[in-house]
Amino acid sequence: MSMQETTLRTSRKTNALTKVMALVKGLQTTAVEALSGQRVTQMYPEDHYTPFPRWRGRHVLRRHENGLEKCVGCALCAAVCPAHCIRVIGGENTDEHRISEGERYAEVYEIHMLRCIFCGYCVEACPTEALGMTGEYELASFSREAQLYGKERLLEAAPINDGTMGRG
């Protein structure tokens, strides 16, 4: 056996021993933290979690102060979505049937929430700031069909016109 082989075998033993000692030290740290660390328990349905201010939760389609939709059906949000979970079909506004302030509006707007990764790219891409994300995080349901959010479910409630709108 040559000197080089002996050195190689010794270095392997040393490396194995070092690895085992590192593993034991890590397990010891974990055990100490698990047994004596601070316990954090949240009594979830009674005490709701308050997300951070920049939390990206459920999507919402916004309206103007006059009640018209901000979405003009440009489908930039669908184009930029990496999960391909947004479907937008645009329609044309008429003078008799005005949905948004622009020439077009989103006739169909759907988000498949099971596919959504909540990245926020759709919000950043929206040129009219029609799409936003709320702090709502309780999105569970008992069926897959309930996770397809249509335009009716995404739209904000229309503002109540009490005669003060438009006054400066």
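**Note on the predicted model**

1. The protein contains 4 helices and 5 strands, and the model under review here is a predicted one. Read from the N terminus on, the elements follow the order α-β-α-β-β-α-β-β-α. Of the 168 residues in the protein, 26% are buried. The accessible surface comes to about 12600 Å², and carbon and sulfur atoms account for 56% of that area. Among the contacts with a separation of 6 or more, 71% are between residues 24 or more positions apart.

2. The sheet can be described strand by strand. An open sheet is formed by 3 strands in the order β2-β3-β5, and their pairing is antiparallel. Strand β2 (86–92) and strand β5 (148–149) stand at the edges with a single partner strand each, so one side of each is left without a neighbour in the sheet. Strand β3, which covers residues 104–112, pairs with β5 in the antiparallel sense over 2 bridges. Within this part of the sheet, H112 is the residue that stands opposite L148 of β5. As general background, the strands of a sheet pair through backbone hydrogen bonds, in either a parallel or an antiparallel manner.

3. Which residues have the most contacts inside the largest nonpolar core? They are L61, C77, I86, Y109, I111 and L131, in a core that has 20 residues. Strands β2 and β3 each supply at least two residues of this core, and the largest share, 3 residues, comes from β3. The surroundings of L61 deserve a separate look: leaving aside residues up to four places away in sequence, L61 touches C71, Y109, A130, L131, K151, L154, L155 and E156. Two of the residues on that list, Y109 and L131, are also named among those with the most contacts inside the core.

4. The structure holds 5 salt bridges, and three of them are taken up here and in the next point. E110 forms a salt bridge with R87, in which the closest N and O atoms are 3.1 Å apart. This pair links distant parts of the chain, since E110 belongs to strand β3 and R87 to strand β2, with their positions 23 residues apart. Both partners are partly exposed: the relative accessible area is 22% for E110 and 42% for R87.

5. A salt bridge also joins the side chains of R104 and E92, at 3.3 Å from N to O. Here again the pair links distant parts of the chain, with R104 in strand β3 and E92 in strand β2, 12 residues apart. R104 has a relative accessibility of 32% and therefore counts as partly exposed. The side chains of D95 and R98 meet in a salt bridge as well, with an N to O distance of 3.7 Å. In this pair D95 counts as exposed, because its relative accessibility is 68%, whereas R98, at 37%, counts as partly exposed.

6. Why does the count of disulfides come to 0, as regards C81 and C122? A disulfide is a covalent bond between the sulfur atoms of two cysteines, and the cut-off applied here is that the two sulfur atoms lie within 2.5 Å. The closest cysteine sulfur to that of C81 is in C85, at 3.6 Å, which is too far for a bond. For C122 the closest cysteine sulfur is in C119, at 6.1 Å, and this too is too far for a bond. Both residues count as buried, because the relative accessibility is 8% for C81 and 5% for C122.

7. A last point concerns H84 and its setting. H84 has its place in the loop between α2 (76–80) and β2. Is H84 buried or exposed? With a relative accessible area of 60%, H84 is exposed. The C-alpha atoms of H84 and I111 are separated by 9.1 Å, while the two residues are 27 residues apart along the chain. I111 is itself one of the residues with the most contacts inside the largest nonpolar core.

Notes:
Residues are numbered from 1 along each chain as its sequence is written. This is a predicted model: local features need pLDDT of at least 70, side-chain atom pairs count only at pLDDT 80 or more; totals for chains, interfaces and linings use all residues. Side-chain values use heavy atoms; hydrogens and water are left out. Two strands pair if DSSP finds at least two bridges between them. A nonpolar core is a set of buried Ala, Val, Leu, Ile, Met, Phe, Trp, Tyr and Cys residues joined through side-chain atoms within 4.5 Å. Buried means under 20% relative accessible area, exposed over 50%, partly exposed in between (1.4 Å probe, protein chains only). Contact means heavy atoms within 4.5 Å. Accessible areas come from the Shrake-Rupley method with a 1.4 Å probe; for residues, only the protein chains shown count as cover. A salt bridge is a side-chain nitrogen of Lys or Arg within 4 Å of a carboxyl oxygen of Asp or Glu.
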